[in-house]
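This report covers sheets, selected residues and internal cavities. Keep the structure open while reading.

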Amino acid sequence: MWHSIFRQFARRRCGVVRDDAAFVRKFGSYGSDEGMFSLPTGVCVDGDNLLAIADRGNHRIVVARRDGTFVRTFGGQGSADGQFNEPCGVCVNTAGLIIVADCRNHRVQVFSRDGTFVRAVGSPGAAVG
């Protein structure tokens, strides 16, 4: 049976529901320690069933198992490569690269599966790129 992952922005946690919309579990709480979120704004599941969660308020990406078990985080507040200023979306492509919408830095950043910075695209301004 398939499960859907969702984020509860106001409650600062994530949850899991079944296809029939039955609640399965919640995970996370407010804070900045392992397994905690400030403002979870995006969730994606990769090919290995790991979750990548954009934690906008903590300026990081949280990686967790589908049961909510913490795996790792990467990022941190700033504008250097690999840092974020309110990441607002995340996805994982078929190659396993983690792609992050770094909203306030006006760019998209790409990371390897383990969170190593690969490249960034975009910058503030009206010009393309």
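In this predicted model, four strands make up an open sheet, ordered β10-β11-β12-β13. The pairing in this sheet is antiparallel. Two strands stand at its edges: β10 (87–92) and β13 (117–121). Each has a single partner strand, so one side of each is left without a neighbour in the sheet. From one strand to the next, the twist averages 20°.

Take the pair at one end of that order. β10 and strand β11 (residues 98–102) are antiparallel and share five bridges. One residue pair can be picked out: Val90 has Val100 in β11 as its bridge partner.

Strand β11 also holds Ile99. Is Ile99 buried or exposed, or something in between? Its relative accessible area is 22%. Buried requires under 20% and exposed requires over 50%, so Ile99 is partly exposed. Ile99 and Phe111 are 12 residues apart along the chain. Their C-alpha atoms are separated by 6.4 Å.

A further open sheet also has four strands, in the order β6-β7-β8-β9. Its pairing is antiparallel. β6 and β9 (70–75) are the edge strands, and each pairs on one side only. On average, neighbouring strands of this sheet are turned by 20° against each other, direction ignored.

Within this sheet, strand β8 (residues 60–65) and β9 run antiparallel, joined by five bridges. Ile61 has its bridge partner in β9: Phe74.

Strand β6 (residues 40–45) contains Thr41. Where does the side chain of Thr41 reach? It comes to 3.2 Å from the backbone oxygen of Pro87. Thr41 has 14% relative accessibility, and the cut-off for buried is under 20%, so Thr41 counts as buried.

Now the internal space. How many cavities of 30 Å³ or more does a search of the whole structure find? The search finds two. The table sets out their volumes and the classes of their lining residues.

| Cavity | Volume | Nonpolar lining | Polar lining | Charged lining |
|---|---|---|---|---|
| Largest cavity | about 70 Å³ | six residues | one residue | three residues |
| Second largest cavity | about 40 Å³ | five residues | three residues | no residues |

Start with the largest cavity. Its charged lining residues are Asp46, Arg72 and Arg113. Gly96 is its polar one. The nonpolar part of the lining consists of Leu50, Leu51, Ala52, Val63, Val92 and Ile98. Which strand gives the most to this lining? Strand β7 (residues 50–55) does, with three residues.

The lining of the second largest cavity has no charged residues. Phe27, Phe37, Val62, Ala64 and Phe70 form its nonpolar part. The polar lining residues are Gly35, Gly68 and Thr69.

The linings can also be read against the strands. Val63 lines the largest cavity, while Val62 and Ala64 line the second largest. Strand β8 covers residues 60–65. Arg72 belongs to the lining of the largest cavity, and Phe70 to that of the second largest. Strand β9 runs over 70–75. Val92 and Ile98 are also among the residues lining the largest cavity. Strand β10 spans 87–92, and strand β11 spans residues 98–102.

Notes. Residues are numbered from 1 along each chain as its sequence is written. This is a predicted model: local features need pLDDT of at least 70, side-chain atom pairs count only at pLDDT 80 or more; totals for chains, interfaces and linings use all residues. Side-chain values use heavy atoms; hydrogens and water are left out. On a 1 Å grid over the protein atoms alone, a cavity is a set of points where a 1.4 Å probe fits but cannot get out, and a pocket is an open set with protein on both sides within 12 Å along at least five of seven lines; lining residues have an atom within 4 Å of a point. Grid points are joined across faces, edges and corners, and a volume is the space filled by probe spheres set on the points. Two strands pair if DSSP finds at least two bridges between them. Axes are lines fitted to C-alpha atoms, for helices over the stretch in contact, and angles run from 0 to 180 degrees between N-to-C directions. Buried means under 20% relative accessible area, exposed over 50%, partly exposed in between (1.4 Å probe, protein chains only). A polar contact is a pair of N or O atoms within 3.5 Å; within protein, one must be able to donate a hydrogen and the other to accept it, and residues adjacent in sequence count only if both atoms are side-chain atoms.
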